[in-house]
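The following note concerns the empty spaces of the model and the ligand bound to it. The points are numbered for ease of reply.

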Amino acid sequence: MEKREQWEPFTEGMVEVFSGQGKGKTSAALGVALRAAGYGLRTHIVFFMKGDYPYGERKALAYIPYITFASFGHPGFVDPMHVKPEEREEARQALDEARRAISSGDYRLVILDEVNVAVSFGLLDVDEVLRLIEERPQDVELILTGRGAHPEVVNRADLVTEMLDIKHPFERGVPARKGIDY
Ligand code: ATP
Ligand code: MG
């Protein structure tokens, strides 16, 4: 058996995408951040949508070492047919924050939560996200979450998981539950 002390943290950062219609994309990314924190690897999370929404994870992260975050966007839903200039501006700021975190050398894991949605709603250009991926330092692991991941992002990623919606209580009228869904 290998001794725990002999295990080295990863040296080559991969690009992971969690997409699909089923529940679990953001929670899976948070799970990886928790795992990284166990080895003292720093994570920075950029939340791209619903900035001020009272998500339980954002409250809990204040108590967990090695994980920091910044949130952007507004609590309401973005209408992809009528994108407002301020929504585009929030997404641009989130991307700037992501760029800063990735190039800072301070983090081994950077999570871009709901960035796939920001691209599919036209708040961000996919080329900007691809550039971010290409320009990252070799040892930074990147996780991009959100439904409707762009095919070029999927193509570039090392690991892609699509959450498949088999059933969800929402379909029988159960609204999002505090502590479980947010
Ligand atoms: P979670 O944050 O629970 O891991 P997610 O990141 O996969 O979910 P999103 O696409 O970000 O899900 O959706 C945001 C909200 O919608 C969350 O409250 C989530 O629990 C809920 N949700 C996710 N999948 C479904 C679904 N198939 N039907 C209804 N609600 C869903
Ligand atoms: Mg999510």
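How many nonpolar, polar and charged residues does the lining of the largest cavity have?

1. The answer for this predicted model is six nonpolar, two polar and no charged residues in the lining of the largest cavity. The residues concerned are Val-115, Asn-116, Val-119, Val-129, Leu-144, Ala-149, His-150 and Val-153. Helix α4 makes the largest contribution to this lining, with three residues.

2. The volume of the largest cavity is about 30 Å³. A search of the whole structure yields one cavity of 30 Å³ or more.

3. Turning to the open spaces, the largest pocket has a volume of about 1,400 Å³. Its lining comprises 48 residues, of which Lys-50, Tyr-55, Phe-77, Glu-114 and Arg-147 are the closest to the centre of the pocket.

4. Several helices take part in the lining of the largest pocket: α1 (25-38), α2 (56-60), α3 (85-104) and α4 (115-120) each provide at least two residues. Sorted by class, the lining of this pocket contains 20 nonpolar, 13 polar and 15 charged residues.

5. Where does ligand 1 sit? Ligand 1 is placed in the largest pocket. It is surrounded by 13 residues, and the closest of these are Lys-23, Lys-25, Ser-27, Glu-114 and Arg-147. Glu-114 and Arg-147 are also listed among the residues closest to the centre of the largest pocket. The shell around ligand 1 consists of one nonpolar, six polar and six charged residues.

6. Individual polar contacts of ligand 1 deserve attention. A polar side-chain atom of Lys-23 is found 2.6 Å from an oxygen atom of the ligand. For Glu-114, a polar side-chain atom likewise lies 2.6 Å from an oxygen atom of ligand 1. Gln-21 takes part through its backbone, with a polar atom 3.1 Å from a nitrogen atom of ligand 1. As to burial, the protein covers 83% of the 570 Å² of accessible area that ligand 1 has on its own.

7. Which residues are the closest to the centre of the second largest pocket? This pocket holds about 290 Å³ of space. Among the 13 residues of its lining, Pro-9, Phe-10, Ala-36, Tyr-39 and Leu-41 are the closest to its centre.

8. Helix α1 gives three residues to the lining of the second largest pocket, the largest share. This helix also supplies at least two residues of the lining of the largest pocket. By class, the lining of the second largest pocket has eight nonpolar, no polar and five charged residues.

How values were computed: Residues numbered from 1 in each chain as written. Chains lettered and ligands numbered in written order. Predicted model: local features only at pLDDT ≥ 70, side-chain atom pairs only at ≥ 80, totals over all residues. Heavy atoms only, no water. 1 Å grid on protein atoms, 1.4 Å probe; cavity = no way out; pocket = protein on both sides within 12 Å on 5 of 7 lines; lining within 4 Å. Points joined across faces, edges and corners; volume = space filled by probe spheres on them. Helix = DSSP H or I, 4+ residues; strand = E, 2+ residues; numbered from the N terminus. Nonpolar A, V, L, I, M, F, W, Y, C, P; charged D, E, K, R; others polar. Near = heavy atom within 4 Å. Polar contact = N/O pair within 3.5 Å; in protein donor to acceptor, adjacent residues only side chain to side chain. Areas by Shrake-Rupley, 256 points an atom, 1.4 Å probe, with all protein chains shown as cover. Sits in = over half its atoms within 2 Å of the grid points.
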